[in-house]
Amino acid sequence: MDTSGAASASAADAAAAATAAAMRGSGEERFNDAYEKALLRKRLFKEYLTRHQVIERVNHAIEALYESSTLPEDPFPFLVDQIKVPPKPGRPRPSSATFRRLK
């Protein structure tokens, strides 16, 4: 009886299992690398928005729209005009604690 065929089949199965295990590990590593890159990109983007006061200006524009006595037919030109004008310095900004108290 020839056992070399059975031995080579079991060696091939072992090699396939080892390759599958290695691929699972590398898949997890790729996922972790991609996740870390996404977190870094998100952090850098938030820093960019903060550095250029994007959130503050958009919030200011929305507040101005809310406080407007008459709402424009198309709010986008109004918002764009408001975003172009920086908020007045020294204007107190509500903190997150203020909003928590309001809920």
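**A tour of helices and side chains**

Tutor: Let's start with Ile55, which is found in helix H2. Keep in mind that this is a predicted model.

Student: Okay, does Ile55 count as buried, partly exposed or exposed?

Tutor: The relative accessibility of Ile55 is 45%. Buried needs under 20% and exposed needs over 50%. The 45% lies in between, so Ile55 counts as partly exposed.

Student: Which helix gives the largest share of the nonpolar patch?

Tutor: The patch covers about 350 Å² and is made by Val54, Ile55, Val58, Ile62 and Ile83. Residues 54-67 form one helix, and 4 residues of the patch come from there. That largest share belongs to helix H2.

Student: Which residue does Arg43 meet in a salt bridge?

Tutor: The count comes to 1 salt bridge here. Arg43 and its partner both lie in helix H1 (residues 4-51), 4 residues apart, about one turn of the helix. Arg43 is partly exposed at 45%, and its partner is partly exposed too, at 37%. The N to O distance is 2.7 Å, within the 4 Å cut-off, and the partner is Glu47.

Student: How are H2 and H3 set relative to each other: roughly parallel, roughly antiparallel, roughly perpendicular or oblique?

Tutor: The axes of H2 and H3 (residues 75-84) come within 8 Å and cross at roughly 130 degrees. Roughly perpendicular stops at 115 and roughly antiparallel needs over 145. The angle falls between those limits, so H2 and H3 are oblique.

Student: And is the crossing of H2 and H3 left-handed or right-handed?

Tutor: We've got the angle already, roughly 130 degrees. As for its hand, the crossing of H2 and H3 is right-handed.

Methods:
Residues are numbered from 1 along each chain as its sequence is written. This is a predicted model: local features need pLDDT of at least 70, side-chain atom pairs count only at pLDDT 80 or more; totals for chains, interfaces and linings use all residues. Side-chain values use heavy atoms; hydrogens and water are left out. Patches are made of residues with over 30% relative accessible area and no salt bridge: like charges are joined within 9 Å, nonpolar side chains (Val, Leu, Ile, Met, Phe, Trp, Tyr) within 5 Å. Accessible areas come from the Shrake-Rupley method with a 1.4 Å probe; for residues, only the protein chains shown count as cover. A salt bridge is a side-chain nitrogen of Lys or Arg within 4 Å of a carboxyl oxygen of Asp or Glu. Helices (H or I, at least four residues) and strands (E, at least two) are DSSP runs, numbered from the N terminus. Buried means under 20% relative accessible area, exposed over 50%, partly exposed in between (1.4 Å probe, protein chains only). Axes are lines fitted to C-alpha atoms, for helices over the stretch in contact, and angles run from 0 to 180 degrees between N-to-C directions. Angles under 35 degrees count as roughly parallel, over 145 as roughly antiparallel, 65 to 115 as roughly perpendicular and the rest as oblique. A crossing is left-handed if the near helix is turned anticlockwise from the far one by less than a right angle, and right-handed if clockwise.
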